[in-house]
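Here's a quick briefing to read with the model open beside you. Grab a coffee and follow along topic by topic.

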Number of protein chains: 2
Amino acid sequence: MLNPCDDAFIARLQGLLPEGRLTAPEPRYLEEPRGRWHGLAGVLARPGSVEEVATIIRACADARVGVVPWGGGTGLVGGQVMPEGPAPVLVSLERMAALRGAYPAENALVVEAGMILADVQAEAARIGRLFPLSLASEGSCRIGGNLASNAGGTAVLRYGNARDLCLGLEAVMPDGSIFNGLTRLRKDNEGYDLRHLLIGSEGTLGVITAASLRLFPRPAATVVAMLAVPSPMAALDLLALAQGRLPGMVSSFEIIHRMGFDFLAEVMPEVRAPFDPLPDWLVLVELGLPMGLDAEMAMANLYDAADDAGLVTDGVIATSDAQAAALWQLREMIPEANRRIGAISSHDISLPLSAIPGFVTAAPDALRPLGEFRINCFGHLGDGNLHWNVFPARGANRKVDEALRDKVKATVHDMVHALGGSVAAEHGVGRLKTGDLQRYADPGKLAAMRSIKAALDPQGIMNPGAVLG
Amino acid sequence: MLNPCDDAFIARLQGLLPEGRLTAPEPRYLEEPRGRWHGLAGVLARPGSVEEVATIIRACADARVGVVPWGGGTGLVGGQVMPEGPAPVLVSLERMAALRGAYPAENALVVEAGMILADVQAEAARIGRLFPLSLASEGSCRIGGNLASNAGGTAVLRYGNARDLCLGLEAVMPDGSIFNGLTRLRKDNEGYDLRHLLIGSEGTLGVITAASLRLFPRPAATVVAMLAVPSPMAALDLLALAQGRLPGMVSSFEIIHRMGFDFLAEVMPEVRAPFDPLPDWLVLVELGLPMGLDAEMAMANLYDAADDAGLVTDGVIATSDAQAAALWQLREMIPEANRRIGAISSHDISLPLSAIPGFVTAAPDALRPLGEFRINCFGHLGDGNLHWNVFPARGANRKVDEALRDKVKATVHDMVHALGGSVAAEHGVGRLKTGDLQRYADPGKLAAMRSIKAALDPQGIMNPGAVLG
């Protein structure tokens with residue numbers, strides 16, 4: 001159905017754009033972090049304005065050429081690489097990284113889609129505000145990609161997902177028309193919410209070119225602790241206790257199984273474990289507090305209340321910013337340790353909170369018939385979002401058998417689905433989970449998704465093969 | 001294009017449904033609170049299950065008969081009454097008012113669409129949680145209508161609009177298929193966000209039949225104050241001061257112009273004004289606080305800091321729940337006083353916060369050439385949402401000239417639009433603002449809305465004439 005982006009099309013596109021916008025893509029634009037796909041592209045376009053993006057999309061629509069939007073290239077589900085089919089135009093937003101406006105009195109920031117997430121955080125800090133979206137790749141991912149994939153991260157419990165942090169969007173639609181929706185309003189019911197349709201559509205319904213973002217006042221004080229808990233159930237009770245005492249002030253609530261520290265000991269032996277002996281389950285808690293509350297005392301009081309209720313067995317409360325950063329650093333090194341060990345199958349799942357203790361017990365049992373594995377379970381417990389990753393037994397052959405990988409994945413995902421969970425929690429569907437979407441999504445929802453895709457992108461030029469397959 | 005719901009169709013529908021589901025509509029189903037429209041209906045359907053709703057919609061789709069969904073009938077923009085065209089089926093959700101599940105550990109509640117908002121609040125309170133959506137009609141509006149219109153209210157500043165309080169939906173789509181999306185997940189990126197497309201679509205893309213709602217821990221203490229401020233600008237500075245000291249703890253921040261109290265004195269003389277003499281501008285502030293902070297002291301400290309900065313001139317801090325309720329009562333009586341006085345034109349507008357002081361000064365000047373008016377400005381300042389209502393001069397003829405009404409409305413709305421605001425902030429578009437939507441909405445957005453409507457409801461049976469006209 002689609003035509004390739006060939007020399008003739010590139011020449012035509014060149015005539016419509018300023019010099020230097022089109023180049024052959026360097027290899028890094030065709031790779032993705034887990035190395036499972038290698039992308040195709042006829043040309044790399046780096047437009048400098050929304051009008052240039054519109055020109056490119058219009059030309060692609062006219063010629064039925066595919067478009068793959070490219071942010072920071074950090075996505076973990078292959079949304080940014082198209083490995084087969086007629087070569088598309090790769091559209092990188094990196095040249096559109098400007099701050100369009102800062103509005104401290106409105107707690108709002110308007111930025112272009114190519115701004116790196118860490119720079120968005122820094123722009124917010126410069127006006128004394130907080131942009132709370134925070135995730136491991138924040139030094140290289142770009143806000144347009146964060147919104148296209150509705151990124152999650154470590155502060156969702158308090159501040160919501162990427163979609164909840166967006167007040168308005170500018171985007172180019174699949175016919176090349178521009179959606180001017182950069183509102184900074186908190187209440188706006190002028191028609192259907194196109195913003196939320198584009199957010200999370202992973203580039204299949206349009207290209208986000210700029211966003212109006214929601215900022216927050218910075219907490220007067222923050223405090224971080226790493227606490228040993230007797231079980232995931234106790235961790236959930238501790239979360240409820242913390243939220244009941246300090247409503248809206250629990251910023252992060254991460255769970256870490258001791259396997260994460262075993263992995264660190266194995267591949268990064270220089271890292272010191274926070275407890276000796278290591279408990280089976282740890283939680284990392286961050287509180288962000290108002291004026292008038294002593295942060296360390298608030299955490300100590302929470303610890304005492306949890307201790308009285310039998311919900312904690314040990315703990316470390318950071319007494320300096322450096323200690324707090326070191327505790328977070330431990331959490332953030334686990335994905336790197338995972339990479340070095342080499343997973344058979346990684347699962348970005350979410351569950352209703354009350355289903356988590358049951359899942360954590362039952363899922364390893366369900367896998368046992370398939371072989372001997374090590375399971376590293378960590379993630380954003382407060383959001384019900386676990387990174388539940390399956391690894392070969394210690395010393396076993398690290399080469400992954402594809403058939404085994406598929407069986408492990410299906411076993412885990414079937415269980416998650418049966419418990420009312422999601423198999424695409426914070427990383428999106430991309431190209432990795434198109435089969436899962438067909439298998440698990442509600443048929444009524446899938447039918448509506450297909451209708452919407454056909455209506456807005458009748459030729460299917462936007463990110464071909466992603467999400468709906 | 002559509003066929004009327006005539007006797008033959010009613011008979012056919014009767015054959016598909018249990019006894020007692022279809023009746024002639026009593027007059028109250030065909031009226032709306034402002035008395036501007038009178039609705040048509042061939043029959044009133046009161047289905048008892050999502051399957052019955054699906055049966056009705058499927059039959060309507062087959063016969064090309066219009067469907068008007070009906071919640072509590074409290075909408076202020078005519079979304080629930082169809083005044084012309086072939087008589088539709090009115091579908092009231094009132095029989096579907098059950099609690100489907102309460103999940104305190106997950107801060108979630110699953111309810112049917114016909115549950116009255118106050119009952120939703122009560123169900124949340126029963127499990128020790130807060131459902132923060134709160135608005136004047138909460139004793140009769142229903143949660144399905146709140147979601148269909150993305151209702152706002154007095155706690156949006158802290159907790160968001162109705163859409164932000166919804167984790168998942170069950171709905172019947174325009175072809176009669178069922179969307180089973182009653183997830184209780186905090187992170188779910190399995191495909192496009194159909195939930196947010198249905199929320200705020202005012203029954204034009206489907207009928208919401210149940211919702212999974214987001215609950216919150218209840219603040220350990222709340223405190224309410226009514227403060228006199230020298231100007232709207234000072235009110236905004238006070239808001240920033242409060243949020244900076246108590247991030248995330250300012251639950252409500254309402255502004256009231258003294259005209260509201262003048263109106264109360266005129267039509268409800270039994271109501272006592274909170275200050276004598278009355279200042280021009282008042283704000284009503286509610287804080288919701290954690291354990292460890294003394295609520296009255298937190299408010300008193302805020303007052304002192306505001307006083308030092310010249311942002312307040314007087315104030316009353318409630319020292320009991322009864323006093324707090326009385327202060328809120330004053331605020332909530334203003335719409336009733338407005339009704340008794342009789343507005344020429346009422347505007348539910350939102351503005352970027354920093355545009356508000358300029359608007360409040362300039363808008364009366366812009367109206368002056370059109371005549372002598374009294375303006376009552378009050379609303380949810382923290383959300384930039386004003387109810388900016390224009391009344392005849394005292395003693396003037398109360399009969400409203402339609403041409404004048406249109407001129408007033410256009411003058412106000414043009415100014416709001418030019419300032420980057422919304423002319424449909426929290427009440428929706430309904431049938432009142434279809435012209436405004438065509439006039440002010442971004443063309444790219446309107447085109448996408450039309451494509452989506454045509455794709456999901458090709459026959460245009462869902463709430464004909466609403467939103468897109």
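In what order do the seven strands of the open sheet in chain B line up? They run β15-β12-β14-β13-β17-β18-β16, with antiparallel pairing. Keep in mind that this is a predicted model. The notes below start with that sheet, then move to a hairpin in chain B, the front part of chain A, and finally the cysteines.

**The seven-strand sheet in chain B**

- At the edges of this sheet you'll find β15 (314-317) and β16 (345-350) of chain B, each of which pairs on one side only.
- Ignoring direction, neighbouring strands of the sheet are turned by 15° against each other on average.
- Two helices pack on the sheet, and one of them is α9 (residues 295-308) of chain B, which touches β12, β14 and β15 of chain B. The direction of α9 makes about 25° with that of β12(B).
- The other is helix α10 (residues 321-341) of chain B, which touches β12, β13 (250-257), β14, β15, β17 (373-380) and β18 (385-392) of chain B. Its direction makes about 140° with that of β17(B).
- Inside the sheet, β12 (residues 221-229) and β14 (residues 281-289) of chain B are joined by nine bridges in the antiparallel sense. If you want a spot to look at, B:Met226 sits opposite B:Leu284 of β14(B).

**A buried glycine in β14**

- B:Gly288 belongs to strand β14 of chain B, and its relative accessibility is 0%, so it counts as buried.
- Leaving out residues up to four places away in sequence, B:Gly288 touches B:Arg158, B:Pro219, B:Ala221, B:Thr222, B:Met249 and B:Ser251.
- B:Gly288 and B:Ala220 are 68 residues apart in sequence, yet their C-alpha atoms are 7.3 Å apart in space.

**The β8-β9 hairpin in chain B**

- Strand β8 (residues 166-172) of chain B runs antiparallel to β9(B), and four bridges join the two. One bridge partner to pick out is B:Ile178 in β9(B), which goes with B:Val172.
- Strand β9 (residues 178-181) of chain B has two faces: B:Phe179 and B:Gly181 are on the covered one, while B:Ile178 and B:Asn180 are on the uncovered one.
- There are five residues between the strands of this hairpin, and B:Gly176 takes a positive phi near 90°.
- Is B:Gly176 buried or exposed? With 2% relative accessibility, B:Gly176 counts as buried, although its place is in the loop between β8 and β9 of chain B.
- B:Gly176 touches B:Ala54, B:Ile57 and B:Arg58, not counting residues up to four places away in sequence. The C-alpha atoms of B:Gly176 and B:Thr55 are separated by 6.8 Å, with their positions 121 residues apart along the chain.

**Helix α1 and the four-strand sheet in chain A**

- Helix α1 (residues 7-16) of chain A has A:Phe9, A:Ile10 and A:Leu13 buried. These residues are on the same side of α1(A) because they cover an arc of only 100° around the axis.
- A:Asp7, A:Ala8 and A:Gly15 are exposed on the other side of α1(A).
- The cover over the buried residues of α1(A) includes β1 (22-23), β2 (43-45), α2 (50-63) and β4 (89-92) of chain A.
- Four strands of chain A make an open sheet in the order β1-β2-β4-β3, with mixed pairing. β1 and β3 (67-70) of chain A each have a single partner strand, so one side of each is left without a neighbour in the sheet.
- β2(A) and β4(A) pair in the parallel sense over three bridges, and A:Ala45 stands opposite A:Val91 of β4(A).
- α2(A) lies across β2, β3 and β4 of chain A and runs at about 165° to β4(A).

**A database note on chain A**

- An unreviewed UniProt entry places "domain: FAD-binding PCMH-type" at residues 30-218 of chain A.
- That span is 21% helix and 23% strand, and its end C-alpha atoms lie 38 Å apart.

**Cysteines**

- How many disulfides are there over all chains? The count comes to zero.
- A:Cys166 is in no disulfide, and the nearest cysteine sulfur, in A:Cys141, is 15 Å away. A:Cys166 counts as buried, at 2% relative accessibility.
- For B:Cys5, the closest cysteine sulfur is that of B:Cys60 at 6.9 Å, which is too far for a bond. B:Cys5 is buried too, with a relative accessible area of 6%.

Methods: Residues numbered from 1 in each chain as written. Chains lettered and ligands numbered in written order. Predicted model: local features only at pLDDT ≥ 70, side-chain atom pairs only at ≥ 80, totals over all residues. Heavy atoms only, no water. Pairing = 2+ DSSP bridges. Axes fitted to C-alpha atoms, helices over the stretch in contact; angles between N-to-C directions. Contact = heavy atoms within 4.5 Å. Disulfide = S-S within 2.5 Å. Buried < 20%, exposed > 50% of the residue type's maximum accessible area, 1.4 Å probe, protein only. UniProt positions renumbered as here; feature names shortened; annotations may be inferred. Arc of directions from axis to C-beta.
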